[in-house]
Amino acid sequence: MDPATIGARLTSAAVMPLIKKLFRQEGPGAGLVDRPVRVSGLVSFKGEKRTLTEKNLQKIAAELVERAVKSAGEGERPIPADEDEVLVDALARSLHGLGDLAMDDVQAVRFGPALLAKDLRQAADRPDDQLSLAASRLYNLLLHTACLHILHFFTQRSTFVARTLVEQSGQLTDLITKIDILIERIPSQSAEDAGFEKDYADFVQKKYGTLTIVGIDLSQAEASWPLDAAYLSLEAITAARDRAPAAHGGEVAALDGEAAAAPEAPVPADQALSGHSRVLLRGVAGSGKTTLVQWLAVCAARQEPPRGMEQLIGRVPFVLPLRTIARQDALPTPDRFLAAVHNPRHGAQPTGWADRVLAAGRGLLLIDGIDEIPERDRERTRDWLGDLLLAYPDNLWLVTSRPSAVADDWLGAQDFTEFALAPMSHDDLGAFIDRWHDAARATCRKAEDRAALDGYQSALHTAVRTKPDLGRLATNPLMCGLICALHRARNGYLPPGRKALYDAALSMLLARRDTERHIYTQGDVQLDEEPQVQLLQRLAYYLIRNGEAELDRARAERIIADALSSVPSATALGDAPRILNHLLLRSGLLREPTVGTIDFVHRTFQDFLGAKAAVEEEDFGLLVEHATDAQWEDVIRMAVAHARPRERAKILNKLLDLARKSPQTALRVSLLALACLEHAPDLISKVRDAVTADAQRFIPPLSASRARELATVGPLVLELLPPPADLTDDQAYSCVVAACHVGTDAAIPYLSRFTDHPALLVRSQLTASWGRFDTERYFTEVIARLAPDDLYFVAETQEHLRLLDSMGGVSKLQLRGHFSEDELRTSRSLAQVTHLRLDRNNVLTDLSALSHLTGLRTLVLTRCSMARDLTPLSELSLQSLDFAPLRKSPAGSSFPIGLGMLTTLRQLKIDITGGSLPSRSFPHRITWLDLHVHGPDLDATWIAETFPELRQLSITYRNRQETGRLDLTPLAGLAALEAVTIARAEITGADSLTDVRVKRYATAPRLTGLPADPIGPAADVT
């Protein structure tokens, strides 16, 4: 085996005990010091108090080499056996150089492992120069690994001057954690597997590492945008059916006993897999599902995922677009994954490689587009997926679909968690406009063109803020791209409405682009826009009627040939094959993803053109027959847009008849009819009134999931939502969710009516939705008028904080996103804060940024992966702490430093790995404890010894694979204990707890970032 492929496969558990032997043990009473310590003064093999001889040093080096050789696996030795001795000698001489270093421990940590290894190598006179190439490479890998753990050891010593290098220390801890995860996930591999995997990863990065920018009329090379620059992380919301109902009538018990609301908390879509190994992601056409699949594949292939996506470390991505693989007679087994997607490397994969990857739980399976296959194939696909899950359960799985393509809980039996992509926020839209124009500007050859783009960019920012219709359209990346392109192509003018926008886009792509770019010369045969549309809509309608996403080239040529009698002008280009080639080359709407296969560049164009064909064919009955098929929803909406007034009335009346006859699908069909009104400016008023009245049967919505479904109708729904006085608390919450998800400023007047609502959950949803709307207007009409009782105000930007300052500050604040330490230290908004929640902050490392908040009593740290050292908080009088750095933490990686120093703490919620932890790691006066356990076992003896004053205990087992096991008998010695709540565990010893309420729940509560009582069917054990 090549040494580079094993990467010195030594976990911290294997290396750290050996590294500790190189240094003296700390004496009793050691504590923080004011000055750094020389490295030479720390080693155990020099000086008067030496405890390690040079012979011992040689043995440590030999042990490191032996463990590295063993890690390579049987029959895969990285170097010949006769080179072991010289390698041991070279490594021992290098480690001996620690005793001669002039630098101190702080300098060493600042320099990092690479420079330390370089210094040690130089001090030993470059011993690897005398080694073979393989032995030299293994020497350098082992030396670097040793130096990494040496520096980590320095930062963990109690006498290390921690304040000076918190960031570097955190980076070392993070790096070692990633290495341990990587080694755990990647078993010993053969050189053949490792070599192929590297080549395959390179291919994935090149294949999926670029995007084609919608609407930039350039060559393919110029229009390719690096994914790193193009990718915009949107938010996803957990479907309500995957969230347990909140306790106490929709409110969650807070750390200090107050009510703390738990509105739906969006998460970055690319981090959905960080807390769930199986995800079904729903999103409308153009919402970025396929782009997300590309992003995850590239991040996994690089093996350097961004913070918050550590779950991708060691994973091998398999991108499986269903539109391609479902056309085959049988869905592929793992050995045929690459062949099924026409990957040119499929023939080079080692026999059994895919099986070995998946059996080890290292796969990232990205199954894209359930909605893009016919309904008749979806059950077959679910069966195929179910078989794969049974055979390979421990991998990461992402399945994408349009919202209503499959039923709720379609993959519920397979333990999938459902998320829905949220519409783009104002900030997302602004970022997209800037990135689009940056990409376009980079291709301009003339200064005046770049200057013109500057003007278009500024004007478009103004337009989306001030024109409600435009803001309603710009809710996903596809529509935003079209808007940017048309705005540029039309010199700053944009047509109103979705149909007009699509018509203008087709005109730009089919006619104006080639004419304005002078593609044709005198005498060239040109095809006008209308005949191209006629041919394209026939291809689109064929695909829609047959439930297909692709068609064979031969079939496409026959469809065009059959149409030529109706479109004679097209024959000027020649026969059907020549016409198809023209459409592929010049229309910008068709492509040939694989040889002999034709599809549309995006499903939205296919639906728009197919709807036009359906109206011209007067296939209104066929349209309504498919009203419950997600593949036809956009087709039906666009058919109403294309139709004349009497035709629109006919379609909508048929939809209403279907809704009345089919109660099971009435909601879906009624909302579809209501959504069609947006595209029917000229419609008989009697029909419009009937559609509106029918939809009112489902208002107010009964749940958050139905509320989001209702919001897809758009601003029309705002006219139907009842006022607060007519609603229960649960109904009010659902109505607020619906209005928030409409996503335009038209919702603000309705939302402002709920600002003094008594239900905390309602007001929490209002403050959590600030980022969806115009910042200033929403602040004035909603945020500034909110009743503050028990409410955490949510801020995501410095502008939010500035506006909160203007109202005199708040006592309870949630900061969501990457606020820096300097921003936390200098923000006036925090001066009055007594309750603070920091959420999804991966840049915060030094919590001394909060040490000036002398009034802080409650702190919640959720998904702040780098904030691990709690020592600076000991200067505060904290009473309550919730510490959950990751949605799903690798074993042992998330336990904080300095928790035991928080002596004023009385209430604690924390994630642990199970077993038992040292009592000294915790403050001892905790009375309220909420443990989330990520292992199968927990020793209650440890709890009783560590928390003698405990009154309330909640334990939730988060292990996906098995329920926990817990003996409660040791808790009988806790005199003050009043209540014990256990979720997802088999318990014994409950009868030993007299006068203690013991409840057990079969399911775990939702993860909100705030402590919550487990909800679900409960067994009262006492």
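This is a walk through the predicted model shown above, starting with its confidence and moving on to selected sheets, helices and loops.

Let's begin with how far the coordinates can be trusted. Across the protein the mean pLDDT is 80, with 82% of residues at 70 or more. Two stretches deserve some care. Residues 240-262 have a pLDDT below 50, and in the model this stretch makes 77 contacts beyond its near neighbours in sequence. Residues 512-524 also have a pLDDT below 50, here with 21 contacts beyond near neighbours in sequence.

Now turn to the open sheet. Its seven strands follow the order β6-β3-β11-β7-β10-β9-β8, and their pairing is mixed. The edges are β6, at residues 267-268, and β8, at residues 316-321; each of these pairs on one side only. If you look at the β6 end, you will find β3 (residues 235-238) joined to β6 by two bridges in the antiparallel sense. Within that pairing, Glu-235 stands opposite Pro-268 of β6.

Which helix lies across β7, β8, β9 and β10? It is α16, spanning residues 375-391. The strands under this helix include β7 (278-282), β9 (363-368) and β10 (396-401), and the helix runs at about 170° to β10.

Further along the chain comes α17, residues 426-442, a good place to check helix geometry. Its 17 residues should span 24 Å at 1.5 Å a residue, and the end C-alpha atoms are indeed 24 Å apart, so the two values agree. The buried residues of α17 include Leu-429, Phe-432, Ile-433 and Trp-436. Polar or charged names appear in that buried list too, among them Asp-428, His-437 and Arg-441.

Helix α25 allows a similar check. This helix covers residues 603-616, and its 14 residues reach 20 Å from the first C-alpha to the last, close to the 20 Å expected. How many of its 14 residues are buried? The count is 13, which leaves α25 mostly covered. Just past the end of α25 sits Glu-618, in the loop that leads to α26 (620-625). Its phi is near 55°, a positive value in a residue other than glycine. Is Glu-618 buried or exposed? Its relative accessibility is 54%, so Glu-618 counts as exposed, the cut-off for that class being over 50%.

A second backbone feature appears in the loop between α30 (685-695) and α31 (704-711), where Pro-700 lies. The peptide bond from Ile-699 to Pro-700 is cis, and its omega is near 5°.

Next is Val-742, which belongs to helix α32 (residues 729-742). With a relative accessible area of 7%, Val-742 is buried. What does Val-742 touch, leaving aside neighbours within four places in sequence? Its contacts are Ala-711, Gly-714, Pro-715, Val-717 and Leu-718. For Leu-718, which is 24 residues away along the chain, the C-alpha separation from Val-742 is 8.3 Å.

His-800, in helix α36 (residues 798-806), is another covered residue to look at. Its relative accessibility is 2%, so His-800 counts as buried, since the limit for that class is under 20%. Not counting residues up to four places away in sequence, His-800 touches Trp-770, Gly-771, Thr-775, Val-794 and Ala-795. There is a polar approach as well: a polar atom of the His-800 side chain lies 3.0 Å from the backbone nitrogen of Glu-796.

The last stop is β23, residues 964-967. Why might one strand show two different faces? In a regular strand the side chains alternate between the two faces of the sheet. In β23, Gly-964 and Leu-966 make up the covered face, while Arg-965 and Asp-967 make up the uncovered one. Strands β23 and β25 run parallel and are joined by four bridges. One of the partners across that pairing is Glu-986 in β25, opposite Arg-965.

Arg-984 is placed in the loop between β24 (979-983) and β25 (985-988). Its phi is near 60°, again a positive value in a residue other than glycine. Arg-984 has a relative accessible area of 18%, and therefore it is buried.

Definitions and conventions
Residues are numbered from 1 along each chain as its sequence is written. Side-chain values use heavy atoms; hydrogens and water are left out. Two strands pair if DSSP finds at least two bridges between them. Contact means heavy atoms within 4.5 Å. Axes are lines fitted to C-alpha atoms, for helices over the stretch in contact, and angles run from 0 to 180 degrees between N-to-C directions. pLDDT is the predictor's confidence in each residue, from 0 to 100. The expected span of a helix is 1.5 Å times one less than its number of residues. Buried means under 20% relative accessible area, exposed over 50%, partly exposed in between (1.4 Å probe, protein chains only). A polar contact is a pair of N or O atoms within 3.5 Å; within protein, one must be able to donate a hydrogen and the other to accept it, and residues adjacent in sequence count only if both atoms are side-chain atoms.
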